[in-house]
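Student: I should like a close look at a single part of this protein, namely its sheet. Please describe how the strands are arranged and what lies at the edge.

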Amino acid sequence: MGRPTPEEYAAMTKMPVMVVLDNVRSAQNVGAFFRTGDAFAVEHVALCGITAVPPAREIHKTALGAEQTVPWSYHASTLECVRMLLADGYEVFAVEQVEGAAMLDAFVPQPGRRYALVFGNEVAGVAQEVVDLCRGAIEIPQLGVKHSINVSVSGGVVLWHFFCRLKP
């Protein structure tokens, strides 16, 4: 199937996108982000606040080992993590339904830039103080009644959009 070995994957060029999880409470959602991050070769996953960290059985259940191939770090504060990313030159965007958010289908990631995408808690979303620190917000257009998508599914949708434009 043409899959790289873990060593080949570690050495390959990654998509210039980092995922930041802001207090994601479900370890299975965390695992799904690792698996999606592996599929699209994200640079890194930052796990913040109450977000579960590997090794954890519930993460492994959905990550299927991707938690061992995708680089990750833990940060007690999402706010401090975002400040660090901004200082490192990342374009940081919250993936959130907020006033002024850019619709994903109209958002065009630019080659040569590094992005960090902040995904929030399953109930509360991305914390307002984190949204305020971000360069902007990106919203997934939706037509249904609920106007809500599971956070890890949102990750797949947004990362696919970025992958189509920035794949290594």
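Tutor: The secondary structure of this protein comprises six helices and seven strands, where helices (H or I, at least four residues) and strands (E, at least two) are DSSP runs numbered from the N terminus. The model is a predicted one, in which local features need pLDDT of at least 70, side-chain atom pairs count only at pLDDT 80 or more, and totals for chains, interfaces and linings use all residues. Residues are numbered from 1 along each chain as its sequence is written, and side-chain values use heavy atoms, with hydrogens and water left out.

Read from the N terminus, the elements follow the order α-β-α-β-α-β-α-β-β-β-α-β-α. The radius of gyration of the protein, taken over C-alpha atoms, is 15 Å, close to the 15 Å from the globule rule (2.2 Å times the number of residues to the power 0.38) for 168 residues, so the protein is as compact as a globular protein of that length.

The seven strands form an open sheet with parallel pairing, in the order E3-E2-E1-E6-E4-E7-E5; two strands pair if DSSP finds at least two bridges between them. The edge strands are E3 (72–75) and E5, each of which pairs on one side only.

At the E5 edge, strand E5 (residues 102–103) pairs with E7 in the parallel sense over two bridges, and Met-103 stands opposite Glu-139 in E7. Strand E7 (residues 136–139) is also joined to strand E4 (residues 91–95) by three bridges, and E4 and E7 run parallel. Here Ala-94 stands opposite Ala-137 in E7.

At the E3 edge, four bridges join E2 to E3, and these two strands run parallel. Within this pairing, Leu-47 stands opposite Tyr-74 in E3. Tyr-74 also belongs, with Val-53 and Trp-72, to a nonpolar surface patch of about 250 Å². Such patches are made of residues with over 30% relative accessible area and no salt bridge; nonpolar side chains (Val, Leu, Ile, Met, Phe, Trp, Tyr) are joined within 5 Å, and like charges within 9 Å. A salt bridge is a side-chain nitrogen of Lys or Arg within 4 Å of a carboxyl oxygen of Asp or Glu, and accessible areas come from the Shrake-Rupley method with a 1.4 Å probe, only the protein chains shown counting as cover for residues. Val-53 is found in the loop between strand E2 (42–48) and helix H3 (57–63). With a relative accessible area of 31%, Val-53 is partly exposed, that is, between buried (under 20%) and exposed (over 50%).

Notes
Buried < 20%, exposed > 50% of the residue type's maximum accessible area, 1.4 Å probe, protein only.
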